[in-house]
Amino acid sequence: MMAVKYSWHVLLLVLFILLRFSKEEEIDAKQHLHAYGFLNSTSADAKTLKTAIKKYQQLFGLEVTGSLNADTKKKMASRRCGRPKNIPEFASEVDKWQKLVVTYKIQNWSQPFTEQLIKQFFQNSIQVWTKNVNLQITESRSNSGDINIYFTEQDGPSNILGYAFFPENGDIFFDSAEDWTVTGSLAAERTYFGWVAAHELGHALGLPHSENRRSIMFPYYSSTVKKPSYYDINNLKALYGEASLNNSIFCKGDSIDALLNIDGNIVIKGDQYWTVTDAQLHSGPFSLDLLHPQIPNNISAAFSVHNVVYFLKDDVFYKYKLKNKKLSKKLISVGFDKLPSNIDAAFFETKSKTIYFFKGNNYYMFDITGSVGKRLMVKDKKISSDWQGLPDDLEAATLLKENRALFIKGSRCYITDVVSKTVLDNQDCTSMFYNC
Ligand SMILES: [Zn+2]
């Protein structure tokens, strides 16, 4: 008798555990379906839940039963992007970056990564995504970018690998608790970072999830899809347009008006500009009006100091604030004490906070941290006496990276160390820079 009573207790306990377990699983499933846009509420009734499960099963190639079977639960727990439903999944969103150059910044990282390794993944991914797309993405020179990249602990290993916001937030978060691998061939067991980086970058550029299993934007992790497909890149082209390059005038040896570094470099000539990626002309021409309708044509030089762009023409300069898109005009003699008109080339060196101006056979250095009236450090000094190997009458100049400036004159490109004022490389621009 005791044995029977005991077994009844065990049975009740098992039943209770099973019921509680399935109840918890149902709650988890409801939360999951709600988070990813299959259910409007976590308090959905049984019929609504069944319909949502069916929809989920259909979309992810599972047997459509409407019940929370083992395969469905397994799928829900498998590795995926965690972008929640606040941006509708599978909807044809058209949200995109409105600016000319989009920047990224790696804010932190965790094992097994280094900053350099993440940068390498992002640069490769950017190259694949934007090679033929009219979109320029570069690493930010300041403390933050348009797209900030973070590693944070999200839900422990597996399930959510990362998520990203759409433009114009664009921030990307990776789960630092994942068992990451940077080697694609080991990706079946461990999580290949390349997939997640390319996927989240897709969101940050404005692409929603895709139902196409071969798409990098499919929400679940794939160890076989490792980079954006032709289909994905076409979707990005639909957002930003296809990059086309008409560089014939430069290939013929025409001069340029100015180079300008606004995180990425652009080449300006007449009333048009061209974008530069990886130290080569990438796409263009575009109308200067796209930057601001009041920027004059045929400028003589341009440079940027943080988020303010200066365009110089004759005896005036235009100050253009990128943040509020406000443009003002002043006399060079008023804004830059003792600087002559008709400057040939200019650039701003970020580390020393110095603006370099070039005119004819002279150059000028302005320290922007100095008090007004005392900013001019070097005046009317000969280029030939201080800059080893740099010619007079330059056309354009820009900062490529810290201490490295590019000068252009005719078909020659001069890569120069700004600190030692030495030309490190002097090449024919047509193939190297103008992509002819
Ligand atoms: Zn995603």
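Pro285 has its place in strand E12, and the peptide bond that leads into this residue from Gly284 is cis, with omega near 5°. The model in which this detail appears is a predicted one, and the report moves from this strand to its partner, then to another hairpin, to further backbone details, and lastly to the protein as a whole.

Strand E12, which covers residues 280-287, runs antiparallel to strand E11, residues 272-277, and 5 bridges join the two. Within this pairing, Val276 stands opposite Leu281 in E12. E11 and E12 form a hairpin with 2 residues between them, and in the turn Asp278 has a positive phi of about 50°.

Another hairpin is made by E9 and E10, with 1 residue between the strands, and here Asp263 in the turn has a positive phi of about 75°. Strand E10 covers residues 264-269, and E9 pairs with E10 in the antiparallel sense over 5 bridges; Leu259 stands opposite Val267 in E10.

Is strand E9 largely enclosed by the rest of the structure or largely open? Because 5 of the 5 residues of E9, residues 258-262, are buried, the strand is largely enclosed by the rest of the structure. In a regular strand the side chains alternate between the two faces of the sheet. In E9, Ala258, Leu260 and Ile262 point one way while Leu259 and Asn261 point the other way, and all of them are buried.

Most residues other than glycine have a negative phi, and most peptide bonds are trans. Against that background, the peptide bond from Pro167 to Glu168 is cis, with omega near 0°, and Glu168 is found in the loop between strand E5 (160-164) and strand E6 (172-175). Two loop residues with a positive phi are set side by side below.

| Residue | Phi | Loop between |
|---|---|---|
| Lys325 | about 55° | strand E15 (316-321) and strand E16 (326-331) |
| Asn403 | near 70° | strand E21 (396-401) and strand E22 (404-409) |

How do these two residues stand with respect to their surroundings? Lys325 counts as exposed because it has 9 C-beta neighbours inside 10 Å, and Asn403 counts as partly exposed because it has 15 C-beta neighbours inside 10 Å.

Turning to the whole protein, the secondary structure comes to 10 helices and 24 strands. The C-alpha trace spans about 110 × 40 × 40 Å along its principal axes. A compact globule of 436 residues would have a radius of gyration near 22 Å, whereas the protein has 28 Å. Of the 436 residues, 37% count as buried, and among contacts between residues at least 6 apart in sequence, 51% join residues at least 24 apart.

How far the model can be read in detail depends on the part in question. The mean pLDDT of the protein is 87, and 91% of its residues reach 70 or more. Over residues 1-6, however, pLDDT stays under 50, and the model has 0 contacts beyond four places in sequence for them. For residues 10-21, pLDDT likewise stays under 50, again with 0 contacts beyond four places in sequence. Where pLDDT is low, the predicted coordinates should not be read in detail.

Definitions and conventions:
Residues numbered from 1 in each chain as written. Predicted model: local features only at pLDDT ≥ 70, side-chain atom pairs only at ≥ 80, totals over all residues. pLDDT = per-residue confidence, 0-100. Contact = placed C-beta atoms within 7 Å. Helix = DSSP H or I, 4+ residues; strand = E, 2+ residues; numbered from the N terminus. Rg over C-alpha atoms; globule rule 2.2 N^0.38 Å. Buried ≥ 20, exposed ≤ 12 C-beta atoms within 10 Å, placed from the backbone. Pairing = 2+ DSSP bridges.
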